[in-house]
Each structure stands twice: as C-alpha cells, then as structure tokens.
Amino acid sequence: MAMKFYNTLTRRKESFKPLKKKKVGIYSCGPTVYGFAHIGNYRAYVFEDVLCRLLRARGYQVHQIMNITDVDDKTIRGSMDEGKTLSEYTQPFREVFFGDLKTLHIEPAECYPLATQHIPQMIEIAEKLLRRGLAYESEGSIYFRISKFPEYGKLSRMDLEQVQSAERMDQDEYEKEEARDFCLWKAAREGEPFWESPFGRGRPGWHLECSAMSMHYLGAEFDIHTGGEDNIFPHHENEIAQSEGVMGKPFVRNWMHCKFLIVDGQKMSKSKGNCYTLRDLLQKGYTPLAIRYLLLSAHYRSVLNFTFSGLEQAQKTLERLYAFMKRLRDHRTRSEQDSSLEEIQAAQKAFEEALDDDLNVPQGLAVLFDLIRSLNQRLETGRLGQKDRKVALKFFEDANKVLGIFSKPDGALDQKINQMVREREGARKRKDFKTADRLRKRILELGIILEDTGGTVRWRRKLDGENL
Ligand code: AMP
Ligand code: ZN
C-alpha cells in the first residue's frame, strides 16, 4: 500500500509520489531566533522529525532543509535593545535550539540555512518579480502586487476580501498600492541593520527568505513543505505567490501542517506568555523523551492540549515501555511453544499501515501497546520462544526508528550491570549489607534504577533528566 499524506492545498489525503523516485525534498519553516523556542514549536519539529524518519524507514533518501530566521522585526529590535550585532544577539538562541533538537532526539536536517546568508538569492527574486510586473517599489521598499497573481489564496482558501482585512491588521507603516499587498523588501530605517541592493539599502521581508532558500536548496519544484497551521496564511500563501510568480510553475507538491499545541484552549505562543520552553519542563523533572512522546502521541492534524497530567501520563507510559523492552531483551528460555509469530507479524503490518496512512501515530502506538500487553503475559509465564522474542525485538526496534522514543542499550554496560546486580543479590543473601549498599550506590551512579517486584529485582535505565 502506498503512503498517503494529507495535502493542505487540495484538502485531501493523497498517495505520496516524490518527483524523483527514491529522493524526497522537504522544506520546514524553522525558528525565529529571538528567544528560546517553546514546546509548541517543538510539536511542529517533532512532527516533521517523525515524517522524515518514516520516509527514511521506507527507503527514501530524505533531504530536509530547515531555515533559521535570524533577521526580522523581533531579532532587530532585540539586538538594538541589547546593543549587539544581529549575529551576536541570535547566536545563543541558535545554540540552544540545536541543543534542544538533540535533547528531543530530533534527527538533524541536512541543512539549516541562515536568512542573513541568503540575501543575494532574495534580492534576485525581488528583481525578477519587479521585471514581471508582479512587484512594485514604493519609498525604497518592494511589495508583491497580489492583484497580478490570480491564484493568490489557493492554499488558505481565503477570498480576497478576507485577505484584505487580514493584511490590514499588519501594522505596516509603508505606503502600498493595496492594503493586502505584502512586503518583499523593507527600506532601511535609521539605526537598523541593512544590506545594499539595487533598490537601495534595506532588508528582506520574512516571507521572501523561505521562497529563496527552499528553491536554492531543493529546486523550483519540490516534494513537501511543512510548518505549523499558523504558517498557512499569510506565510505559505505568500511563498507560493513569490515562487510561482517568479518561476511560472508549481512550487510545492504537498503542503503538510500540524495543528497547534494549546494551553487551556489557547495557542501556546511567546506573545501570550503561556508558553513553556524545553528547559522549563526539564527543570521541573520531566524527561526529554516523555516530552517527545507527549508531542507525538496525538495525531499531527488534531489539536493537542498541553497539561502536566498528560505529561506525567506520558512518562508513566514510557516507563512501562522501557520495562517491557528490558524484559524482552533479557528473556532467556528455550521454549518454542505457543508461537506468537502470527500475532507479532499482524502487529507489524498494522503499525506500518497506521503510519503510512497520513502518519497516524496514535493508532500505531495503540498497536504497540496491545502487543506489549499480550507479550508481557507470555514473558511472565515463560511462554515466549527465542525465535519469536527476536522477531518481536526487531519489530520494536524498527518501530522506534520512526518514533524515536527509546535509546539503544549498550550491550557491554548491560552485562556489567547484570553482574553487579547479581553480586548485590548475593551480598544481601549473605546479609553483607555493607557490600550490598556499596553496589547499590555504584549501580545508581551508572544511571540505573533497581526495582523490587514480587521478590525479583529488575533494573531499568534512569530516564534522561529523571530525578531520583
Ligand atoms: P516561529 O518561531 O514562530 O516562526 O515558529 C516556528 C514553527 O513552530 C512554525 O512551524 C510554527 O508554525 C510552529 N508553531 C508555533 N507555535 C506553535 C504551536 N503552539 N503549536 C504547534 N506549532 C507551533
Ligand atoms: Zn517559512
């Protein structure tokens, strides 16, 4: 069965067919680096990560580009307030962003281009749009002339009247032909950073950077463009107008947008002051993978309401998963009775189908946890044969390549820990509590938690960031 993805442009699920047979070009709108990204932003990045991981798991070579907006009104204001250059001002936020991606097990994109390093490409597009009559100059700024692009509104399905009122809310002080026209290039204001251009000193409008960088790295037409739902209008609508206006051909084949992460019914956003950064949550003792799990556990096209109880639930669910994985890895029996092979293979098929059906992660997770429940019973009663155990292990590891919710164990370390746990058990039996205590401390230092369940001691890895 072919993979299907929902396309915001057509409002339908469509079979996925990339332009090149085994290669997929993806452009994802990245962060504006004027502050720390909040976990609403990370919902978008985690969704994009699962999409890229899934495509890789299906054998595609993925080329993902994520831009970094390091020049816009907010970065300029911030840098001027602090008396820093743009680059000095944005650098710490860029660094924290890349650190956060790693912490959340988000696989790196192939390239993270900075807007400030692609100004010539942006100027070139603005010049071409001017030559084609799709843009005009006014007081040193360049605007896109929406009336000359009849397809404007095809992504957001806004009619021009709606566009008119939406654009008027934009506090633009420059003189435009029509209120709905948007800015491609802003004339320099006193004291602000600027670049030289054929239209005089100035800086690019935000929308222009994504047209310029996506086409620079992926070509005039590419497979998938992603972002949060707030990007649909005006940002992505404007990208289409700029790119198709300048190239005269279709720009993006498939537009994919995730719905918001909300808090108490409101979008999580910096301006509303209701946002949590990754650090905020880690400082409260939540683990990175529990946060990742929470973000990916809802379907990307449904709104996700953030609550701390939801996060705690995610943490507990992961603990269950880790305990099961460890039991599965450690299970030793020669028994081949009661084959579970059919059940495991059916789960594998159901998991793949769920993910191939527009990234239905919640359905995929339900399949995993149903299988865990069933295999746990077999593990408890020693009825899981070695062959089946290996097939199951491979399935969970493959599923994790797409979901990224647990780390691979270190075999040598596992052996060492097993040895120490056995020694500690021996010491306890001998009533040598001093040795048992010393061993417990050393085990803890290795990040291992011992759990005494029904007379048998099991161990599990401390979760990233878990407080003991
Ligand atoms: P920004 O830094 O505001 O340009 O946003 C970066 C990315 O995060 C974009 O793809 C946004 O659409 C997305 N985003 C922002 N807020 C949220 C939210 N509350 N939920 C989901 N995605 C969001
Ligand atoms: Zn963008």
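## Exercises on a predicted model

In this predicted model, a polar contact of 3.1 Å connects the side chains of Asp-370 and Arg-373.

**Exercise 1.** Place Asp-370 in the fold and decide whether this residue is buried, partly exposed or exposed.

*Solution.*
- Start with the secondary structure: Asp-370 sits in helix H12 (residues 361-380).
- Next, take the relative accessible area, which is 45% for Asp-370.
- Buried means under 20% and exposed means over 50%, so a value in between is partly exposed.
- Asp-370 is therefore partly exposed.
- For scale, the C-alpha atoms of Asp-370 and Glu-124 are 55 Å apart, with their positions 246 residues apart along the chain.

**Exercise 2.** Find the protein donors of the zinc ion (ligand 2) and describe their spacing in sequence.

*Solution.*
- Three atoms lie 2.0 to 2.2 Å from the zinc ion: SG of Cys-29, SG of Cys-210 and NE2 of His-235.
- Their spacing reads C-x180-C-x24-H.
- The two cysteines, 181 residues apart, link distant parts of the chain.
- Cys-29 is in the loop between strand E3 (23-28) and helix H1 (39-57), while Cys-210 belongs to helix H6 (residues 206-218).
- Both cysteines, Cys-29 and Cys-210, are buried.

**Exercise 3.** Work out which polar atoms lie by ligand 1 and how much of its area the protein covers.

*Solution.*
- On the side-chain side, a polar atom of Asn-41 is 3.1 Å from a ligand 1 oxygen.
- An N or O atom in the Asn-231 side chain lies 3.2 Å from an oxygen of ligand 1.
- From the backbone, a polar atom of Leu-261 is 2.8 Å from a nitrogen of ligand 1.
- Alone, ligand 1 has 490 Å² of accessible area, and the protein covers 91% of that.
- Helix H1 gives the most to the shell, with 4 residues.

Key. Residues numbered from 1 in each chain as written. Chains lettered and ligands numbered in written order. Predicted model: local features only at pLDDT ≥ 70, side-chain atom pairs only at ≥ 80, totals over all residues. Heavy atoms only, no water. Donors = N, O, S within 2.8 Å, 3.2 Å for Na, K, Ca; no water. Buried < 20%, exposed > 50% of the residue type's maximum accessible area, 1.4 Å probe, protein only. Polar contact = N/O pair within 3.5 Å; in protein donor to acceptor, adjacent residues only side chain to side chain. Areas by Shrake-Rupley, 256 points an atom, 1.4 Å probe, with all protein chains shown as cover.
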